[in-house]
Amino acid sequence: PAYPTWSKVRERALHHFCTMALRRLIPLFDRVLVERLTPVSKTKGGVLIPETSQGKMNQGEIIAVGEGKLNKKGEKVPMSVSVGDTVLLPEYGGTKIELDEKEYVIFREDDLLGKLKPE
């Protein structure tokens, strides 16, 4: 029988770990885990837009939400966003992390600029 090489075993284990970590990653307090939406690479007329001209997308989808922060009385303040919401992101800020070969950003809820309503 053909045995997988050590590098293949390690690669599979790392992939499994990253996938499980994303499922179990719960941001603390008032932080949210966001995946930036990818910019449209083609116009309605069919013209392809090069990646260098696209710029950074300032919208993202919430992947995970913390429990909320505590007020001065020690009471938990609920989050105003939930998993699946599309939000408007600041141009700079957040903590970038990479899991399962995807890039995510962790923001504080106060840093989010707004929540976009679905059409």
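**View 1. Asp 30 is a buried residue held in a salt bridge with Arg 108.** In this predicted model, Asp 30 counts as buried, at 3% relative accessibility. Its side chain meets that of Arg 108 in a salt bridge, with N and O 3.0 Å apart. Arg 108 counts as partly exposed, at 36% relative accessibility. The pair links distant parts of the chain: Asp 30 sits in the loop between helix 1 and strand 1, while Arg 108 belongs to strand 7, 78 residues away. This is one of five salt bridges in the structure.

**View 2. Phe 29 sits in the loop between helix 1 and strand 1.** Helix 1 covers residues 6-24, and Phe 29 is found in the loop that leads from this helix to strand 1. What does Phe 29 touch, leaving aside residues up to four places away in sequence? The list is Gly 66, Glu 67, Gly 68, Lys 69 and Met 79. Look for Glu 109 as well: the C-alpha atoms of Phe 29 and Glu 109 are 9.3 Å apart, although 80 residues separate the two in sequence.

**View 3. Glu 67 and Lys 76 meet through their side chains.** Glu 67, one of the residues that Phe 29 touches, forms a salt bridge with Lys 76, at 2.8 Å from N to O. Glu 67 counts as exposed, with 55% relative accessibility. Lys 76 counts as partly exposed, at 48%.

**View 4. Six strands make up an open sheet.** Across the sheet, the strands follow the order 6-7-1-2-5-8, and their pairing is antiparallel. Why is one side of strand 6 and of strand 8 left without a neighbour in the sheet? Strand 6 (95-99) and strand 8 (114-116) stand at the edges, and each has a single partner strand. From one strand to the next, the twist averages 45°. For the wider setting, the protein chain has two helices and eight strands, which follow the pattern α-β-α-β-β-β-β-β-β-β along the sequence.

**View 5. Strand 5 and strand 8 run antiparallel.** Three bridges join strand 8 to strand 5, which spans residues 86-88. Val 87 has Lys 115 of strand 8 as its bridge partner. Lys 115 also forms a salt bridge with Asp 85, the closest N and O atoms being 3.8 Å apart. Asp 85 lies in the loop between strand 4 (76-77) and strand 5, and Lys 115 in strand 8, so this salt bridge ties together parts that are 30 residues apart in sequence. Is each partner buried or partly exposed? Asp 85 is buried, with a relative accessible area of 18%, whereas Lys 115 counts as partly exposed, at 46%.

**View 6. Eleven residues form the largest nonpolar core.** The members of this core include Val 32, Val 34, Ile 62, Val 65, Met 79, Val 87 and Phe 107. Strand 1 (31-36), strand 2 (59-65) and strand 7 (102-108) each supply at least two of the core residues. In soluble globular proteins, nonpolar side chains tend to be buried together. Some residues here are already familiar: Met 79 is touched by Phe 29, and Val 87 pairs with Lys 115.

**View 7. Phe 107 touches residues from several stretches of the chain.** Not counting residues up to four places away in sequence, the contacts of Phe 107 include Val 32, Val 34, Leu 89 and Leu 112, which are also core members. Among its other contacts are Asp 30, Arg 31, Arg 36, Pro 90, Gly 93 and Gly 94.

Technical notes: Residues numbered from 1 in each chain as written. Predicted model: local features only at pLDDT ≥ 70, side-chain atom pairs only at ≥ 80, totals over all residues. Heavy atoms only, no water. Pairing = 2+ DSSP bridges. Helix = DSSP H or I, 4+ residues; strand = E, 2+ residues; numbered from the N terminus. Axes fitted to C-alpha atoms, helices over the stretch in contact; angles between N-to-C directions. Core = buried A, V, L, I, M, F, W, Y, C linked by side-chain atoms within 4.5 Å. Buried < 20%, exposed > 50% of the residue type's maximum accessible area, 1.4 Å probe, protein only. Contact = heavy atoms within 4.5 Å. Salt bridge = Lys/Arg side-chain N within 4 Å of Asp/Glu carboxyl O.
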